[in-house]
Amino acid sequence: MNNDYLAWPFFDTFHRTFVRDFWQWAASELPKYEDDDGGDGKAAREIFQRLGIGQWLDNSISRSGGAKGDKLDLRTICLMREILGYRSAIADVAFSEPWLAIMPVALFGSEKVKRELLPRYLRGEMLPAFALSEPDAGSDAASIETRAQLDGDHYVIRGRKTWTSNSGLADVYVVFARTGDVPDATGISAFLVEGRLPGILLEKRVAVLSPHTVGTLHFDNVRVSADRLLGGPGQGFKIAMTVLGLFRPTVGAAALGFARRAMDEAIARSTERVAFKKPICEHQLIQAKLADMAIKVDASALLVYRASWMHDVGESRITREAAIAKLQATEAAQEVVDQALQIFGGLGVAKGMVVERLYRHVRAYRIFDGTSEIQKLIIAKDILQEHRPA
Ligand SMILES: Cc1cc2nc3c(=O)[nH]c(=O)nc-3n(C[C@H](O)[C@H](O)[C@H](O)COP(=O)(O)OP(=O)(O)OC[C@H]3O[C@@H](n4cnc5c(N)ncnc54)[C@H](O)[C@@H]3O)c2cc1C
């Protein structure tokens, strides 16, 4: 992968050194893992543990592993996900799903909860999962129906969560549930729920195109201590939207990694494969494809790193920029991977080829963390808000 873009003004010396070191780690550790792990989550868990042992998870909280006053550096997360996406989809899943789930703790947890959970997460010993979506509430997350009823000094959680990554495997779930009778987003709270508690049942696993271990969980009268409430009653929707907003540029970054890999594969193949007595890269229609891919990759990178840079330099809101980055980079990656596969001809659809895997793995990225349609609604709402008469 060409790292010339690290000279862009979005980055500083920390990022350049980080990329050099993380590349080396990824190149030596990740080839041991198959990208399609059979959906049992074992390989992903092992990669997560290795990220902890290598102290790479420290960078996922801040530049110095959560030292006081040191903030989350979103560019580092994006660089990590881009490299992981380039090398291995399962490694990206292994890192990113727990990261989404630890962010509510890192950003909204009490000092006591942070002291308890963050060190275990940083060592790769505690796998967290994010449980928001339900069978009848995906894009419209404010309409979730799972309830948490106060009973003395405990809450009793009842309901179903679906598409939960690492379902049945996680040590802790961040569960979003309704407290009180308010029917809208302000009635939602977030809870930390230990995975081993009685009443948490894995109803089913759903096999998907990518190496995500997703499933449906039933919370059947699960009792959690009232001090496991994150951020206070009614703060759940705000917590979910804040971390999903931060996740967006990083999803784009992983898709960017897929796109860069597809492009590298396509360039190599196009210089080797001969048709009509010359390498296919000498045919202008193949050159047009390579040019289109390069434009899409550059546009995605600029938007992903603009959004993450804005966060890191202290912009209070990056709602629109994060949605633009996620939408552009995931849609563009799908197109780049498709073009790369086309350049491989029949070989492109052969099982086990890198482009075949990328073709399957990139697809879900246009769906989770808000579908492409939902990103457009977020972007349009933000534009219209700005132009509303005072
Ligand atoms: C691999 C994978 C991993 C996931 N991991 C997690 C996880 O760890 N935790 C978690 O909580 N969830 C997770 N999800 C769930 C994911 O966030 C949802 O799938 C996503 O939000 C979409 O919800 P839905 O599937 O219910 O689709 P729906 O909301 O039913 O949408 C169906 C279609 O309608 C469109 N649509 C909906 N509303 C509108 C509208 N207003 N205007 C125009 N179009 C609209 C959507 O864009 C989509 O095309 C995961 C999903 C996948 C596929």
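**View 1. Polar contacts between the ligand and the protein in this predicted model.** A nitrogen atom of the ligand lies 2.7 Å from a polar backbone atom of Phe130, and the backbone takes part again at Ser165, where an N or O atom is 3.0 Å from an oxygen atom of the ligand. A side chain contributes at Glu373, one of whose side-chain N or O atoms is 2.8 Å from a ligand oxygen atom. Taken alone, the ligand exposes 980 Å², of which the protein buries 66%.

**View 2. The shell of residues around the ligand, which sits in the largest pocket.** The ligand is surrounded by 17 residues, and the closest of them are Phe130, Ser133, Ser139, Trp163 and Thr371. By residue class, the shell divides into 8 nonpolar, 6 polar and 3 charged residues. Strand S3 and helix H10, the latter spanning 372–387, each supply at least two residues of this shell, and the largest share, 3 residues, comes from H10.

**View 3. The hairpin formed by strands S2 and S3.** Strand S2, made up of residues 147–151, pairs with strand S3, made up of residues 154–165, in the antiparallel sense over 5 bridges. Within this pairing, Leu150 stands opposite Tyr155 of S3. The hairpin has 2 residues between its strands, and Gly152 there takes a positive phi near 65°. Strand S3 also links this view to the preceding one, as it supplies at least two residues of the shell around the ligand.

Methods. Residues are numbered from 1 along each chain as its sequence is written. This is a predicted model: local features need pLDDT of at least 70, side-chain atom pairs count only at pLDDT 80 or more; totals for chains, interfaces and linings use all residues. Side-chain values use heavy atoms; hydrogens and water are left out. Two strands pair if DSSP finds at least two bridges between them. Helices (H or I, at least four residues) and strands (E, at least two) are DSSP runs, numbered from the N terminus. A residue is near a molecule or strand if one of its heavy atoms lies within 4 Å of it. A polar contact is a pair of N or O atoms within 3.5 Å; within protein, one must be able to donate a hydrogen and the other to accept it, and residues adjacent in sequence count only if both atoms are side-chain atoms. Accessible areas come from the Shrake-Rupley method with a 1.4 Å probe; for residues, only the protein chains shown count as cover. On a 1 Å grid over the protein atoms alone, a cavity is a set of points where a 1.4 Å probe fits but cannot get out, and a pocket is an open set with protein on both sides within 12 Å along at least five of seven lines; lining residues have an atom within 4 Å of a point. A molecule sits in a cavity or pocket if more than half of its atoms lie within 2 Å of its grid points. Ala, Val, Leu, Ile, Met, Phe, Trp, Tyr, Cys and Pro count as nonpolar, Asp, Glu, Lys and Arg as charged, and the others, Gly among them, as polar.
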